[in-house]
Amino acid sequence: MMHFYPRELLVQIIWAIGNIVGDTPVHRDAALEGGVLPPLLAIIESLLPRYEFDDEENTGLQNLQGLEKPPISRDELALLRHSVWVVSNCFRGTPRPPRDLVACALPVLARTIRGGTNSWSYFPMSADSEGLA
């Protein structure tokens, strides 16, 4: 998906998807059933390793290990943050989304939490104590 569109356009596409997914549980479930998560998770997984190494402490470790990755650009960071926001929107709403449709996102979201990416976007998943359906 990332290779077919300019990053600025891709950010806008993902923003629009996030608004649709976050609108109602009906829209969310239709998007989940239509396969919205795998491409978003692929974007997150492709950018997250570069984000995780984009601070001073990790840069030294990266250089020692010979892992030369270019720093994450502003457009890529926007793409990463918006993608995480959209994935978190897939957990919003009542009734909760079917577990089988969102379970694939949990390992990737766990990595983003450890990496410090967009912690504010996880509020929808922790907003109540009901948990997933």
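Among the contacts in this protein between residues at least 6 apart in sequence, 76% join residues at least 24 apart. The structure is a predicted model, and this report goes from the whole chain to its helices, its core and its charged pairs.

The protein has 8 helices and 0 strands, and from the N terminus on its elements accordingly run α-α-α-α-α-α-α-α. Of its 133 residues, 37% count as buried. The surface that the protein exposes comes to about 7,600 Å², and carbon and sulfur atoms supply 58% of that area.

**The nonpolar core**

The largest nonpolar core holds 28 residues, and those that touch the most other members are I14, V36, L37, L79, L80, V87 and A105. At least two residues of this core come from each of α1, α2 (25-33), α3 (37-52), α5 and α7 (106-115), while the largest share, 8 residues, is supplied by α3. When residues up to four places away in sequence are not counted, V36 touches I17, A31 and C90.

**Two helices in detail**

Helices α1 and α5 can be set side by side.

| Helix | Number of residues | Distance between end C-alpha atoms | Expected span at 1.5 Å a residue |
|---|---|---|---|
| α1 | 15 residues | 21 Å | 21 Å |
| α5 | 16 residues | 22 Å | 22 Å |

For α1, the distance between the end C-alpha atoms agrees with the span that its 15 residues should have. Which residues of α1 are buried? They are L10, V11, I14, G18 and V21, and, seen down the axis of α1, the buried residues fall within an arc of 105 degrees, so they line one face of the helix.

In α5, the buried residues are E76, L79, L80, H82, S83, V84, W85, V86, V87, S88 and N89. Helix α5 is also the place of L77. Leaving aside neighbours within four places in sequence, L77 is in contact with Y51 and I72. The C-alpha atoms of L77 and I44 are separated by 10.0 Å, although these two residues stand 33 residues apart along the chain.

**Charged pairs**

Side chains of opposite charge can pair when their charged atoms come close. In this model the count comes to 2 salt bridges. One of them joins R7 and E76, whose closest N and O atoms are 3.2 Å apart. This pair links distant parts of the chain, since R7 lies in helix α1 (residues 7-21) and E76 in helix α5 (residues 74-89), 69 residues apart.

Are R7 and E76 buried or partly exposed? Buried means under 20% relative accessible area and exposed means over 50%, with partly exposed in between. R7 has a relative accessibility of 33% and therefore counts as partly exposed, whereas E76, at 5% relative accessibility, counts as buried.

In the other salt bridge, the side chains of D29 and R28 meet at 2.8 Å, N to O. R28 counts as buried because its relative accessibility is 1%.

Read together, these details connect the helices in more than one way: α1 and α5 each supply at least two residues of the largest nonpolar core, and the salt bridge between R7 and E76 links α1 with α5 as well.

Terms used. Residues numbered from 1 in each chain as written. Predicted model: local features only at pLDDT ≥ 70, side-chain atom pairs only at ≥ 80, totals over all residues. Heavy atoms only, no water. Salt bridge = Lys/Arg side-chain N within 4 Å of Asp/Glu carboxyl O. Helix = DSSP H or I, 4+ residues; strand = E, 2+ residues; numbered from the N terminus. Buried < 20%, exposed > 50% of the residue type's maximum accessible area, 1.4 Å probe, protein only. Contact = heavy atoms within 4.5 Å. Areas by Shrake-Rupley, 256 points an atom, 1.4 Å probe, with all protein chains shown as cover. Core = buried A, V, L, I, M, F, W, Y, C linked by side-chain atoms within 4.5 Å. Expected span 1.5 Å × (residues − 1). Arc of directions from axis to C-beta.
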